[in-house]
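Got the model open in your viewer? Here is a short tour, stop by stop, with something to select at each one.

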Amino acid sequence: MGELKFVVVDDAVFMRTLIKRMIEENTNYHVVGEGANGREAIEQAKRNQPDIMTLDITMPEMDGIMAIKEILEVSPATKIIMVSAMGQQAMVIDAIKMGAKDFIVKPFDKTRVQQAIENVINL
């Protein structure tokens with residue numbers, strides 16, 4: 001498998017930086033875009049056609065759940081990994097029903113992030 005393109009979407013810059021750092025520890029993974037809300041996520045999906053997108057659930061303007069459908073319309077091959085806070089299980093279930101492939105819960109450890117990536121690569 002060649003290089004994988006990632007887009008990281010979270011309204012908190014430090015969270016994006018953290019996730020990006022965890023992703024790019026694998027030399028075949030490259031973060032090609034970032035976004036701070038659902039609209040930017042859709043824009044990034046359209047522009048970059050990423051293999052994988054990490055998508056925060058709770059964001060201003062347009063949350064992650066609302067963005068899933070449009071992200072998959074503009075970039076059908078993108079595998080979405082939801083990023084949720086504790087206690088958002090119901091929203092995670094909605095996201096999976098709408099086409100997200102996996103999820104990670106904040107605060108997360110590197111192993112879980114890598115595991116989620118491997119899970120969706122093989123789908």
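Start by selecting Glu61, which you'll find in the loop between β3 and α3. This is a predicted model, so keep that in mind as you click around. Check the backbone here: Glu61 isn't a glycine, yet its phi is positive, at about 70°. Most residues other than glycine have a negative phi. Is Glu61 buried or exposed? Glu61 is exposed, with a relative accessible area of 61%.

Now hop to Gln49, in the loop between α2 and β3 (52–56). Gln49 is another non-glycine with a positive phi, about 45°. Turn on the surface and you'll see that Gln49 is partly exposed, at a relative accessible area of 37%; the partly exposed class sits between the 20% and 50% cut-offs.

While you're in the backbone, select Lys106 and Pro107. Which kind of peptide bond joins Lys106 and Pro107? The bond is cis, with omega at about -10°. To place Pro107, look in the loop between β5 (102–105) and α5 (110–121). For context, most peptide bonds are trans.

Next stop: a pair of helices. Select residues 38–48 for α2 and residues 64–74 for α3, and look along them: they pack at an angle of about 10°, with their axes 8 Å apart. That angle makes α2 roughly parallel to α3. Now show side chains. On the α2 side, the residues in the contact are Gly38, Ala41, Ile42, Ala45 and Lys46. Facing them from α3 are Ala67, Glu70, Ile71 and Val74. Color by class and this contact of α2 with α3 shows six nonpolar, one polar and two charged residues.

From there, go to Arg16 in helix α1 (residues 13–23). Is Arg16 buried or exposed? Arg16 counts as buried, because its relative accessibility is 12% and the cut-off for buried is under 20%. Pull up its neighbors: leaving out residues up to four places away in sequence, Arg16 touches Val8, Asp10, Asp11, Glu34, Gly35 and Ala36.

Then select Gly33, in strand β2 (residues 29–35). Gly33 also counts as buried, at 8% relative accessibility. Which residues does Gly33 touch, not counting those up to four places away in sequence? They are Phe6, Val7, Val8, Gln44 and Asn48. So Val8 turns up on the contact lists of both Arg16 and Gly33. For a distance check, pick the C-alpha atoms of Gly33 and Ala116: these residues are 83 positions apart along the chain, and the atoms are separated by 19 Å.

Finally, zoom out and switch to cartoon. You should count five helices and five strands. Trace the chain from the start and the pattern reads β-α-β-α-β-α-β-α-β-α. The radius of gyration is 13 Å, close to the 14 Å that the globule rule gives for 123 residues, so the protein is as compact as a globular protein of that length. Along its principal axes, the C-alpha trace spans about 30 × 30 × 30 Å.

Two last views. Color by burial, and buried residues come to 48% of the 123. Then show the surface: the protein exposes about 6,300 Å², with carbon and sulfur atoms supplying 55% of it. If you draw contacts with a separation of 6 or more, 63% of them link residues 24 or more positions apart.

Key:
Residues numbered from 1 in each chain as written. Predicted model: local features only at pLDDT ≥ 70, side-chain atom pairs only at ≥ 80, totals over all residues. Heavy atoms only, no water. Axes fitted to C-alpha atoms, helices over the stretch in contact; angles between N-to-C directions. Helix = DSSP H or I, 4+ residues; strand = E, 2+ residues; numbered from the N terminus. Parallel < 35°, antiparallel > 145°, perpendicular 65-115°, else oblique. Contact = heavy atoms within 4.5 Å. Nonpolar A, V, L, I, M, F, W, Y, C, P; charged D, E, K, R; others polar. Rg over C-alpha atoms; globule rule 2.2 N^0.38 Å. Buried < 20%, exposed > 50% of the residue type's maximum accessible area, 1.4 Å probe, protein only. Areas by Shrake-Rupley, 256 points an atom, 1.4 Å probe, with all protein chains shown as cover.
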